[in-house]
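The following paragraphs offer a guided reading of one protein model and the ligand bound to it. Please keep the sequence and the three-dimensional view at hand while reading.

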Amino acid sequence: MAKILVLNGPNLNLLGTREPEVYGSATLADVEAALARLGGELGHSIACFQTNAEHAMVDWVQQAKNEGVEFVVINPGSLTHTSIALRDALLGVGIPFIEVHISNVFAREPFRHHSFLTDIAVGIISGLGVQGYELALRAADRHLGKRHK
Ligand code: CA2
């Protein structure tokens, strides 16, 4: 049993309400409910947060260390491409994480091709829709299992 934190960044609260051709029709509540279910099946406790504010994201990453979080699944939204503060926070706590993008960022505008997080992530999932979160959770479970053996 591990504590796993799922973080979503700016505008991901709009999932399922706009741009369904890019982000699909599931809402963030749908995604979080599916992750809580899967987390339960895998025997982990899942906490999910979304914020539009960079400082709140940094605070949650910092707190995660004190709360014994062992893995983070994060879709940083646009902070992916801008936030050195988020990179520093993730480096600071040293908690392994997977970076998730619903869309294929490499098939979009050039400014989405660079991430401040990818090189320090366990891995990245991009372009598989909201399924990417579940794949990340399964990969986190494998990663944690390896460590506990
Ligand atoms: O593909 C992803 O998951 C992104 O992280 C989404 C970010 C974008 O800035 C990244 O480049 C790629 C944007 C999130 C916006 O989410 C919306 C969802 C539904 C409707 C409108 C925006």
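Helices (DSSP runs of H or I, at least four residues) and strands (DSSP runs of E, at least two) are numbered from the N terminus. The structure is a predicted model, in which local features need pLDDT of at least 70 and side-chain atom pairs count only at pLDDT 80 or more, while totals for chains, interfaces and linings use all residues. Residues are numbered from 1 along each chain as its sequence is written, and side-chain values use heavy atoms, with hydrogens and water left out.

Let us begin with the ligand. It sits in the largest pocket. On a 1 Å grid over the protein atoms alone, a pocket is an open set of points where a 1.4 Å probe fits, with protein on both sides within 12 Å along at least five of seven lines; a molecule sits in it if more than half of its atoms lie within 2 Å of its grid points.

Around the ligand there are 17 residues, of which N75, H81, I102, S103 and R112 come nearest; a residue is counted here if one of its heavy atoms lies within 4 Å of the molecule. By class, this shell has seven nonpolar, seven polar and three charged residues. Asp, Glu, Lys and Arg count as charged, Ala, Val, Leu, Ile, Met, Phe, Trp, Tyr, Cys and Pro as nonpolar, and the others, Gly among them, as polar.

Several polar contacts (pairs of N or O atoms within 3.5 Å; within protein, one must be able to donate a hydrogen and the other to accept it, and residues adjacent in sequence count only if both atoms are side-chain atoms) deserve attention. A polar side-chain atom of S103 is 2.5 Å from a ligand oxygen, and a side-chain N or O atom of N75 lies 2.8 Å from an oxygen atom of the ligand. N11 contributes a backbone N or O atom, 3.4 Å from a ligand oxygen. Taken alone, the ligand exposes 510 Å², and the protein buries 94% of that; such areas come from the Shrake-Rupley method with a 1.4 Å probe, and for residues only the protein chains shown count as cover.

We turn now to individual loops. H81 belongs to the loop between β3 (69-75) and α4 (84-93). Is H81 buried or exposed? Its relative accessible area is 15%, so H81 is buried, a term that means under 20%, whereas exposed means over 50% and partly exposed in between (1.4 Å probe, protein chains only). The H81 side chain reaches the backbone oxygen of H114 at 2.9 Å.

N104 lies in the loop between β4 (97-101) and β5 (123-126). Because its relative accessibility is 34%, N104 counts as partly exposed.

Conventions
On a 1 Å grid over the protein atoms alone, a cavity is a set of points where a 1.4 Å probe fits but cannot get out, and a pocket is an open set with protein on both sides within 12 Å along at least five of seven lines; lining residues have an atom within 4 Å of a point.
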